[in-house]
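Trainee: Before we start, could you show me the structure and explain how its features get their names?

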Amino acid sequence: MEILIIQGSARKNGNTNKIVNYIQEQLDCDFIDLKNYTISHYDYDSRNRNDDFLPLMREIVEYDLIIFATPVYWYAMSGIMKTFFDRITDCLKIEKETGRKLRGKTMAMVCCGSEKDVVLEISAAFEMPFRESASYLGMNYVGSVYTWMDTDDISGEVIQNLDKFIGKITK
């Protein structure tokens, strides 16, 4: 199974990236940092079709499992991740063959916050855009994991949660 992690964070080497690095080591998978690409906001007239989004999507659809990794910003996914999701509309409107290749793929989500106790408060609402987007696109959504970093190192509890998540999504 070909696995890809897509990170959408304002910081290339922040806490979310520490979590991503751990997952990447466990799965020996590929990684894309959305911060390295120029992806414009969705435009109904598709005047932005020459940015990096469509070429990037042509690469992404070749993977079997796509894991989205985002920090928690104001109780939601990061802006860069939201822009990426908005642009998936291009794969339904102007490059349908690329969009069709998402059918049957598997999606999962990792989010990273700064507080352990937030997990129950944000999980259902935070996960909904990922779960529902997967459903709409004909993808198999296999779940999410909330992580947190309150020190410079990943805690043992977060590592245990990540290991369970990894086991679940790679069945």
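Mentor: A cavity is a set of points on a 1 Å grid, laid over the protein atoms alone, where a 1.4 Å probe fits but cannot get out, while a pocket is an open set with protein on both sides within 12 Å along at least five of seven lines, and lining residues have an atom within 4 Å of a point. This is a predicted model, in which local features need pLDDT of at least 70 and side-chain atom pairs count only at pLDDT 80 or more, whereas totals for chains, interfaces and linings use all residues. Residues are numbered from 1 along each chain as its sequence is written, and side-chain values use heavy atoms, with hydrogens and water left out.

Trainee: Which residues line the largest cavity?

Mentor: The lining consists of Met 57, Ile 60, Ile 66, Phe 68, Phe 84, Ile 88, Leu 102, Met 107, Leu 137 and Met 139, and each of them is called a lining residue because it has an atom within 4 Å of a cavity point. The volume of this cavity is about 50 Å³, where a volume is the space filled by probe spheres set on the points, with grid points joined across faces, edges and corners. The count of cavities of 30 Å³ or more is 1.

Trainee: What makes up the lining of the largest cavity, in nonpolar, polar and charged residues?

Mentor: It has 10 nonpolar, no polar and no charged residues, given that Ala, Val, Leu, Ile, Met, Phe, Trp, Tyr, Cys and Pro count as nonpolar, Asp, Glu, Lys and Arg as charged, and the others, Gly among them, as polar. Helix α2 (53-60) and strand β3 (65-71) each supply at least two of these residues; helices (H or I, at least four residues) and strands (E, at least two) are DSSP runs numbered from the N terminus.

Trainee: What lines the largest pocket, and which element gives the most to that lining?

Mentor: Among its lining residues are Met 77, Lys 82, Asp 86, Thr 89, Ser 133 and Tyr 136, and α6 gives the most, with 4 residues. The pocket holds about 210 Å³ of space, and its lining divides into 7 nonpolar, 2 polar and 2 charged residues.

Trainee: How do you know in which order the strands of the sheet lie?

Mentor: The order follows from pairing, and two strands pair if DSSP finds at least two bridges between them. The 5 strands form an open, parallel sheet in the order β2-β1-β3-β4-β5, and β2 (30-33) and β5 (140-148) are called edge strands, as each pairs on one side only. Strand β1 (residues 3-7) is joined to β3 by 5 bridges, therefore these two meet the requirement of at least two bridges. Within this pair, Ile 5 has Ile 67 as its bridge partner.

Trainee: Why is Thr 106 called buried or exposed?

Mentor: Thr 106, in strand β4, has a relative accessibility of 14% and therefore counts as buried, since buried means under 20% relative accessible area, exposed over 50%, and partly exposed in between (1.4 Å probe, protein chains only). Not counting residues up to four places away in sequence, Thr 106 touches Asp 64, Leu 65, Ile 66, Met 139, Asn 140 and Val 142, where contact means heavy atoms within 4.5 Å.

Trainee: And what is Ser 144 called?

Mentor: Ser 144, in strand β5, has a relative accessible area of 28% and so is partly exposed. Leaving aside neighbours within four places in sequence, Ser 144 is in contact with Met 109, Glu 127 and Phe 165.
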